[in-house]
Amino acid sequence: MLPKYKRILLKLSGESLMGDKNFGMDSAVITQYAQSIKSIVELGVQVAIVIGGGNIYRGMNEAETGIERAHGDYMGMLATVINGMALQAGLEKAGVYTRLQSAIKMEQIAEPYIRRRAIRHLEKGRVVIFGAGTGNPYFTTDTAGSLRAIEINADVILKGTRVDGIYTADPEKDPTATKYDTITFQECLSKNLRVMDMTAFTLCMENNLPIIVFDMNRPGNLKRVVTGDHVGTIVNG
């Protein structure tokens, strides 16, 4: 099978690593993700990954916690590095060469984010995990994913979620919700569909970077997406 995309940015949520747990990470989920990623690396696809930190720490209400927004955002960035290290360990156990790059300097555990170095790693067939978001508070990991995808000239953003695409409403709450196979950026805006946060979504729209939203938890789905099978929902145009 020949891949449809040469270079992809895979955006994963931190919550997805929890599996059936209420906090932290499930080793079975990490193993499954590592095997899925390995399957597309073996096809010759260049893979970069941005992962959230919501399974460890989410930005919380300042009035409730007493932690100011910027401080809390930095705590969230550190959570994404922990998740990146866990995914790196899972990938290397599966035999996949991996590099973790951090937007915040942590020389003992991760390389600093350097765009040219990241691209060189990808060209050599290494999976590159981008940790610590953009390195700035007030920006989500969705925005980090869009920004890094544009910087490394990725062909597409693959947003792995718990649902199998974009729906007219939240399918977990509304049983009458229907799924879109394809949708344009403008339609997402006019229908107020929250594919990503507005900053991340606008970056993709302005740079004509397509987004595919799909169910990452179904084994084989990632490989089907990169080989051109119609899985999930494609946002483009």
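A residue is classed as buried under 20% relative accessible area, as exposed over 50%, and as partly exposed in between. Ser13, at 24% relative accessibility, therefore counts as partly exposed in this predicted model. The residue is placed in the loop that connects β1 (7-12) to α1 (27-41). When neighbours within four places in sequence are left aside, the contacts of Ser13 are Ile51, Gly52 and Gly160. Ser13 is also one of the residues that lie nearest the centre of the largest pocket, a group that further contains Glu15, Arg58, Asp142 and Lys159.

The largest pocket holds about 1300 Å³ of space, and 45 residues line it. Two or more lining residues are given by each of α3 (69-93), α5, β6 and β7 (166-167). Of the elements, α3 supplies the largest share of the lining, with 6 residues. By residue class, the lining is made up of 20 polar, 13 nonpolar and 12 charged residues.

Two sets of positions carry a "binding site" annotation in an unreviewed UniProt entry. One set is listed there as Lys11, Leu12, Ser13, Gly14, Gly54, Arg58, Thr161, Tyr167 and Asp170. These positions span 160 residues in sequence and their farthest two C-alpha atoms are 24.9 Å apart, so they do not all gather at one spot. Nevertheless, the lining of the largest pocket includes Lys11, Ser13, Gly14, Gly54, Arg58, Thr161, Tyr167 and Asp170 from this set.

Within this set, Thr161 belongs to strand β6 (residues 156-161). With a relative accessible area of 17%, Thr161 is buried, because the class applies under 20%. Apart from neighbours within four places in sequence, Thr161 is in contact with Val213, Phe214, Asp215, Met216 and Asn217. Among these partners, Val213, Phe214 and Asp215 fall within the residue range of β10 (211-215).

The other annotated set, again from the unreviewed UniProt entry and under the name "binding site", covers Gly53, Asp73, Thr134, Gly135, Asn136, Pro137, Tyr138, Phe139, Thr140 and Thr141. From this set, Gly53, Asp73, Thr134, Gly135, Asn136, Phe139, Thr140 and Thr141 are included in the lining of the largest pocket.

Two members of this set were examined further. Asp73 is located in helix α3, the element that contributes the largest share of the pocket lining. Its relative accessibility of 14% places Asp73 in the buried class. Beyond its neighbours within four places in sequence, Asp73 is in contact with Pro137 and Tyr138, both of which are covered by the UniProt annotation that also covers Asp73. Thr140 occupies the loop between β5 (127-131) and α5. With a relative accessible area of 36%, Thr140 is partly exposed. The side chain of Thr140 reaches the backbone nitrogen of Asp142 at 3.3 Å, and Asp142 is among the residues that lie nearest the centre of the largest pocket.

Phe201 provides a further example of a buried residue, with a relative accessible area of 3%. Phe201 is part of helix α7 (residues 198-206). Residues up to four places away in sequence not being counted, Phe201 touches Phe185, Cys188, Leu189, Val195, Met196, Ile211 and Val235. One of these, Phe185, is 16 residues apart from Phe201 along the chain, and the C-alpha atoms of the two are separated by 8.2 Å.

Backbone geometry was also considered. Asn153 has a positive phi, near 60°, in a residue other than glycine. Asn153 is located in the loop between α5 (141-151) and β6, and its relative accessibility of 49% makes it partly exposed. Asn208 likewise has a positive phi, of about 50°, although it is not a glycine. The loop between α7 and β10 (211-215) contains Asn208. With a relative accessible area of 62%, Asn208 is exposed, because that value lies over 50%.

Methods. Residues numbered from 1 in each chain as written. Predicted model: local features only at pLDDT ≥ 70, side-chain atom pairs only at ≥ 80, totals over all residues. Heavy atoms only, no water. Helix = DSSP H or I, 4+ residues; strand = E, 2+ residues; numbered from the N terminus. Buried < 20%, exposed > 50% of the residue type's maximum accessible area, 1.4 Å probe, protein only. Contact = heavy atoms within 4.5 Å. UniProt positions renumbered as here; feature names shortened; annotations may be inferred. 1 Å grid on protein atoms, 1.4 Å probe; cavity = no way out; pocket = protein on both sides within 12 Å on 5 of 7 lines; lining within 4 Å. Points joined across faces, edges and corners; volume = space filled by probe spheres on them. Nonpolar A, V, L, I, M, F, W, Y, C, P; charged D, E, K, R; others polar. Polar contact = N/O pair within 3.5 Å; in protein donor to acceptor, adjacent residues only side chain to side chain.
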